[in-house]
Amino acid sequence: MSNSTSTAYSATAQLYANTDFSKLTWLEFQWASFYLWIDNPIIATGLMSFLLHEIVYFGRCIPWIIIDAIPYFRKWKLQPGKIPSKQEQWECTKQVLFSHFTIELPAIWLFHPLTELVGLATWQVPLPSWSTVIPQVAFFFVFEDIFHYFAHQALHWGPLYKHIHKIHHKYSAPFGLAAEYAHPAEVFILGTGTLAGPFLYCAFRGDLHIFAMYVWITLRLFQAVDAHSGYDFPWSLQHILPFWSGAEHHDFHHMAFVNNFSTSFRWCDAIFGTDDKYRQYRAKMDAAKKSGMSMQELAKLEQRMTEEAAREGVEAEKVAESYTYGKTKVQ
Ligand SMILES: [Zn+2]
Ligand SMILES: [Zn+2]
């Protein structure tokens, strides 16, 4: 791997003709080596993107599968009575894998031409510094959260709910693997929020490397899997960053069917008032905790309130589903 410009080298090698490999970090060297090894940037970018998604998504699900299997952790389960069975987890995994291979894998080949179109750097080294990547990723987080908030609410509108979003709401007590359990149209609609931020940023600002996008996608997958985990630990991120949504916020959405439409942050739901029921639920629980109830009484109350919210959720779902051409029939 020299910096020779000889025409005997492949087209990919020529891309690196002016690169001084001795100045690269270990990661940058591996990055360039991968592109040189595959020797086709379209395939290299597609393969790397697909593998990143599979490894991060399923890799992040593994700790939650283990936690679900250990009764010790039940005390932090948001809906303690609803532990996913092995069968449910396997069915969900099969469905997610099926859509990854039948929808995502074919679509990913459009990715490289799109990166070329907006001028997103892919094979280029050196990679951007963290001081460049961190503000970009912060912007993608905020952009995605706002996009998701409105798109997710639209998916709760009768016809879209019935035909698309209902699949994701199959699990009223979600678990990590259920994060991407959704209709292909939903994957496309909500995936737009994840990808549009980087593409728009790149189209307007230029100067974006796919490495920054991979950092973003990795964190976004962690966010999505964790938000569906069904557990709220004392050390969960939302207890450190109070504006972070986390499982405690999104689990309520699955349980009660209403409220909490955003992904990463609590801001949108707070600003637009779509967290009123959630706040009432929390306030009741907090008051009960302060009232000096015994742990047993508290657990019973939580169980009762959870069941009540879940019952109301089932009713709210029926209302959404019964929507027909401008009228909402209740029952
Ligand atoms: Zn929803
Ligand atoms: Zn969800």
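## Annotation and model

UniProt positions are given here in the numbering used for this chain, and an annotation of this kind may be inferred rather than shown by experiment. With that caution, the UniProt record, an unreviewed entry, lists residues 138-274 as "domain: Fatty acid hydroxylase". The coordinates themselves belong to a predicted model, and in that model the span 138-274 is 61% helix and 0% strand, with its end C-alpha atoms lying 24 Å apart.

## Overall architecture

The protein chain has 14 helices and 2 strands, and its C-alpha atoms fill a box of roughly 75 × 50 × 40 Å when the principal axes are used as the frame. Of the 331 residues in the protein chain, 32% are buried. Among the contacts with a sequence separation of 6 or more, 64% are made by residues that stand 24 or more positions apart.

## Surroundings of Tyr278

Y278 is placed in helix α13, which covers residues 276-290. Y278 counts as buried because 22 C-beta neighbours are found inside 10 Å, where the cut-off for that class is 20 or more. When residues up to four places away in sequence are left aside, Y278 touches F252, N259 and N260. A further distance can be given for Y278 and G81, which are 197 residues apart along the chain and whose C-alpha atoms are separated by 19 Å.

## Backbone geometry in the loops

Most residues other than glycine have a negative phi, and most peptide bonds are trans. Against that background, the loop between α11 (246-256) and α12 (267-271), which holds F257, deserves a closer look. F257 is not a glycine, yet its phi is positive at about 70°, and F257 counts as buried because it has 23 C-beta neighbours inside 10 Å. N260, which is likewise placed in the loop between α11 and α12, is a residue other than glycine with a positive phi near 55°. With 25 other C-beta atoms within 10 Å, N260 is therefore buried, and N260 is also one of the residues that Y278 touches.

The peptide bond between V125 and P126 is cis, with an omega of about 5°. P126 lies in the loop that runs between α5 (111-118) and α6 (130-155).

Key:
Residues numbered from 1 in each chain as written. Chains lettered and ligands numbered in written order. Predicted model: local features only at pLDDT ≥ 70, side-chain atom pairs only at ≥ 80, totals over all residues. Helix = DSSP H or I, 4+ residues; strand = E, 2+ residues; numbered from the N terminus. Buried ≥ 20, exposed ≤ 12 C-beta atoms within 10 Å, placed from the backbone. Contact = placed C-beta atoms within 7 Å.
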